[in-house]
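Morning, everyone. I have one model to walk through, and it will be quick. Please put it up on the screen.

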Amino acid sequence: MTDAQDKPGALPAVRVADTDREVAVRRLHIAVTEGRLDVLELDRRLVLAYAAQTSAELVAVTADLPTATEPIELRTKSGSRDKRGQWVVPAELTAECGSGSITFDFTQALCAHTEIALHATAGSGSIKLIVPRGWRVDVDRVRTKSGSVSNRATEPLLPGAPVLRVDGKVGSGSLSVRYPRPPRRSFLAWLLRRPRPA
């Protein structure tokens, strides 16, 4: 029995899920790329993260690492901007483009939020959102004139995965949401009719 169970009226410890552990692991890997942790410290903390059973144990693994609180804003007139690779997702994002293009790729991003707000404005340009499978994207609050809004990320929301809520307007441009494309097969794999890598 835990201490919380021994004390009358104490709240029980909240048990963590695999998705919670994966969020912590991603934060640790990002900290290494930023130079905040070395490889030995990463190994030590990974063991603790995967062994964590309660939220208190898991929080202790990343308690001294910064979290993203400032909104991220990508703006361009006729150029292109993108956010890709390993990055920390704040609770609020902005994408504004005239005739250019903006891409937010969440495939390798760390997101500790259950909901993310994205304010999107596209004139004749394009805004592309690439999300992992299991995320939900709501584009119902995006207004359009002669442009288009398409959402191909329609699989059911996985437990613990975030919801990306998009609002704003599209003129004659486009806003599109999709999952990452599967990796390409090599020419040899194609000749041997091997399946695409997962």
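I'll take the sheet, then a helix, then the cysteines. Keep in mind that this is a predicted model.

Start with the sheet. It is open and has five strands, paired in parallel. The order reads E2-E4-E6-E10-E8. Which strands stand at the edges? Strand E2, residues 80-83, and strand E8, residues 148-151. Each has a single partner strand, so one side of each is left without a neighbour in the sheet. From one strand to the next, the twist averages 5°.

Now look inside the sheet. Strand E6 covers residues 126-130, and strand E10 covers residues 174-178. The two run parallel and are joined by five bridges. Lysine 128 stands opposite serine 176 in E10.

Next, helix H2, residues 18-33. Does its length agree or disagree with what we should expect? At 1.5 Å a residue, its 16 residues should span 22 Å. The end C-alpha atoms of H2 are 23 Å apart, which agrees.

Which residues of H2 are buried? Arg21, Ala24, Val25, Arg27, Leu28, Ile30 and Ala31. Note the two arginines, Arg21 and Arg27, in that list. The buried residues of H2 pack against helix H3, residues 39-51, and helix H4, residues 55-62. After H2 comes glycine 35. Its phi is positive, near 85°.

Last, the cysteines. Cysteine 97 counts as buried because its relative accessibility is 6%, and the cut-off is under 20%. Cysteine 111 has a relative accessible area of 10%, so that one is buried too. How many disulfides does the model have? The count comes to zero.

Methods. Residues are numbered from 1 along each chain as its sequence is written. This is a predicted model: local features need pLDDT of at least 70, side-chain atom pairs count only at pLDDT 80 or more; totals for chains, interfaces and linings use all residues. Side-chain values use heavy atoms; hydrogens and water are left out. A disulfide is a pair of cysteine sulfur atoms within 2.5 Å. Buried means under 20% relative accessible area, exposed over 50%, partly exposed in between (1.4 Å probe, protein chains only). Two strands pair if DSSP finds at least two bridges between them. Helices (H or I, at least four residues) and strands (E, at least two) are DSSP runs, numbered from the N terminus. Axes are lines fitted to C-alpha atoms, for helices over the stretch in contact, and angles run from 0 to 180 degrees between N-to-C directions. The expected span of a helix is 1.5 Å times one less than its number of residues. Contact means heavy atoms within 4.5 Å.
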